[in-house]
Amino acid sequence: MPRSPLDLAAPGVRKINPYQPGKPIDELEREYGISNSIKLASNENPLGPGAKVLAAIAKAAPGTALYPDGNGFHLKETLADHHRVGVDRITLGNGSNDVLVLLAEAFLTPGHEAIYSEYAFAVYPLAVQAVGATAKVSAAQPGDSFSPLGHDLGEMESLIGDQTRLIFIANPNNPTGTWIKSRELRDFIGQAPDHALVVVDEAYFDYLEEQDYPDTSQWLDDFPNLVVTRTFSKAYGLAGLRIGYSLSHPDVANVLNRIRQPFNVNSLALEAARAAIDDKAHLELSVALNNEQRDIVATGLKELGLRFIPSVANFILVDMGGPAMPVYEDLLRQGVIVRPVGNYGLPEHLRISIGTAEENQRLLQALRQVR
Ligand SMILES: *Cc1c(COP(=O)(O)O)cnc(C)c1O
């Protein structure tokens, strides 16, 4: 007899440390009896969705009695047009997280290996462990390099073997905010064997203005083993609706389509995402605000004498120079929620999302109090 139902769980699942989400505002205010808190913990768009998206959601709301279009016909048409790729390359997911998990379920078994970097997105280990596959974790770049704590593609390449089926690359990476240049990434994908899919996770794609930053969605014709993932959760401001997608070889999309839940994307998300793609002005506003405020936060951190990794995304990884949890808790008491990253192996860092001008000033003020 097993001692506990836990012993009945699949071996890979037993070893999983659950994902630690950013603390919801509601929970903080209930626990601390405070109000007017702000959340800079989950890299959400502080402006939220634009008016056109809200109108599309309102319009779609009465239709929620019916199941959604399981094929997401209209959204796929919009995305195919947007990326100039065939509809048969698109897989929709309940957030891009869903697609990352589908990839692990479809391409990994306990005999297979997946590669990702140290300090990469926390969902990769979860997805790999859940299916009982072996994770090969590559050492990150040193803290004083061009890409501090970012992916070292040479290290990743050295871990590729006969059993490798998936290689996860976040570009830019969360939680470091580091990124990989076009040439380097293209060379890496070019040398990867055809038995390994290279998954380039571009959750923060829209924030980047760097000239050498690649749009890998335009490389799909060159590399049949390339999978690109995107999300509406960050710059598009739709984290709560849960919608993302992958672009890949049609055969990869075909395989993912076999195992996804038949209605994995809800009807409000399908309509909201279409409207979000069409509302370029709101996206541009969101990106401009973020990139301007990111500089202001960086300057404020410098003035406080805090070290941080220069970021191209909508968050900054800050080195607290000692255990970060007491600082995190102190900020909570002041009604400011940021993200501890001890689960990433970074117990002395906090990841801080860029908010509105007002929110960022509150953050800097709260940090001054702590220091
Ligand atoms: C936020 C994030 C995602 C997106 O998650 P969703 O499931 O689409 O909300 C994917 N990858 C990285 C690296 C992220 O930071």
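How many residues of domain 1 are in contact with how many residues of domain 2? Before I answer, please keep in mind that what we are looking at is a predicted model. In that model, 31 residues of domain 1 are in contact with 31 residues of domain 2. The domain assignment gives domain 1 as 5-48 + 281-370, and domain 2 as 65-278. The centres of domain 1 and domain 2, taken over C-alpha atoms, are separated by 23 Å.

Let me turn to the sheet. There is an open sheet of seven strands, which follow the order β2-β8-β7-β6-β5-β3-β4 with mixed pairing. The edges are taken by β2, at residues 90-93, and β4, at residues 134-138, and because each of these has a single partner strand, one side of each is left without a neighbour in the sheet. On average, and ignoring direction, neighbouring strands of this sheet are turned by 20 degrees against each other.

If we stay at the β2 edge, the partner there is β8, residues 244-247, which runs antiparallel to β2 and is joined to it by four bridges. To pick out one pair that you can find on the screen, Gly93 has Gly244 in β8 as its bridge partner. Across β2, β7 and β8 lies helix α4, residues 73-83, and this helix runs at about 125 degrees to β2.

Now to two helix pairs, beginning with α3, residues 51-60, and α10, residues 267-278, which pack at an angle of about 150 degrees with their axes 8 Å apart. Since angles over 145 degrees count as roughly antiparallel, that angle makes α3 roughly antiparallel to α10. The crossing of these two helices, α3 and α10, is right-handed. On the α3 side the contact involves Lys52, Val53, Ala56, Ile57 and Ala60, and these meet Leu268, Glu271, Ala272, Ala275 and Ala276 in α10. Sorted by class, this contact of α3 with α10 has eight nonpolar residues, two charged residues and no polar ones.

The second pair is α5, residues 96-107, with α9, residues 250-259, whose axes come within 9 Å and cross at roughly 95 degrees. These two helices, α5 and α9, are therefore roughly perpendicular to each other. From α5, the residues making the contact are Val99, Leu102, Leu103, Glu105, Ala106 and Phe107, while α9 supplies Val252, Val255, Leu256 and Ile259. By class, the contact of α5 with α9 has nine nonpolar residues, one charged residue and no polar ones.

Terms used: Residues numbered from 1 in each chain as written. Predicted model: local features only at pLDDT ≥ 70, side-chain atom pairs only at ≥ 80, totals over all residues. Heavy atoms only, no water. Pairing = 2+ DSSP bridges. Axes fitted to C-alpha atoms, helices over the stretch in contact; angles between N-to-C directions. Contact = heavy atoms within 4.5 Å. Parallel < 35°, antiparallel > 145°, perpendicular 65-115°, else oblique. Left-handed = near helix turned anticlockwise from the far one by under 90°. Nonpolar A, V, L, I, M, F, W, Y, C, P; charged D, E, K, R; others polar. Domains from an automatic or database assignment.
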